[in-house]
Amino acid sequence: MIPQWKEVLDFTRRAACHNKEARFIGWDVAITADGCEMIEGQLLCILRFDTDIRQSRKI
């Protein structure tokens, strides 16, 4: 479970409004005693899917 998940979502959604051209952004956020703090936003994040679709089909 991620602490303060709703606050993290609200925080990153507000940050995303300032980067509308970017389709995907990997956000690194620290949760501090004072709330959320932005570490960085990565415009070139890699999405990885561990599930092979061939394994989920019945043959």
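**Figure 1. Overall fold of the predicted model.** Read from the N terminus to the C terminus, the protein follows the pattern α-β-β-α. The model is a predicted one, and its secondary structure comprises two helices and two strands. Of the 59 residues in the protein, 12% are buried. The exposed surface of the protein amounts to about 5,800 Å², of which carbon and sulfur atoms supply 55%. Among the contacts with a separation of 6 or more, 18% join residues that are 24 or more positions apart.

**Figure 2. Helix 1 and its dimensions.** Helix 1 spans residues 5-16 and consists of 12 residues. From its first C-alpha to its last, helix 1 reaches 16 Å, close to the 16 Å expected at 1.5 Å a residue. The segment before helix 1 contains I2.

**Figure 3. The buried side of helix 1.** Four residues of helix 1 are buried, namely V8, F11, T12 and A15. They lie on the same side of helix 1 because they cover an arc of only 90° around the axis. The cover over these buried residues includes strand 1 (26-32) and strand 2 (35-42).

**Figure 4. The opposite face of helix 1.** Which exposed residues are carried by the face of helix 1 turned away from its buried side? This face carries K6, R13 and R14. The buried side, by contrast, holds V8, F11, T12 and A15.

**Figure 5. Surroundings of T12.** T12 is a residue of helix 1. Is T12 buried or exposed? The relative accessibility of T12 is 12%, and T12 therefore counts as buried, the cut-off for buried residues being under 20%. When residues up to four places away in sequence are not counted, T12 touches W27 and V29. Strand 1 (26-32), one of the elements that cover the buried residues of helix 1, is shown together with T12 in this view.

**Figure 6. A nonpolar patch on the surface.** The residues I2, W5 and I31 form a nonpolar patch on the surface of the protein. Together, these three residues have about 290 Å² of accessible area. I2 belongs to the segment before helix 1 (5-16). With a relative accessibility of 47%, I2 counts as partly exposed, because this class lies between the limits of 20% for buried and 50% for exposed residues.

Terms used:
Residues numbered from 1 in each chain as written. Predicted model: local features only at pLDDT ≥ 70, side-chain atom pairs only at ≥ 80, totals over all residues. Heavy atoms only, no water. Buried < 20%, exposed > 50% of the residue type's maximum accessible area, 1.4 Å probe, protein only. Contact = heavy atoms within 4.5 Å. Areas by Shrake-Rupley, 256 points an atom, 1.4 Å probe, with all protein chains shown as cover. Patch = residues over 30% accessible without salt bridge, like charges linked within 9 Å, V, L, I, M, F, W, Y side chains within 5 Å. Salt bridge = Lys/Arg side-chain N within 4 Å of Asp/Glu carboxyl O. Expected span 1.5 Å × (residues − 1). Arc of directions from axis to C-beta.
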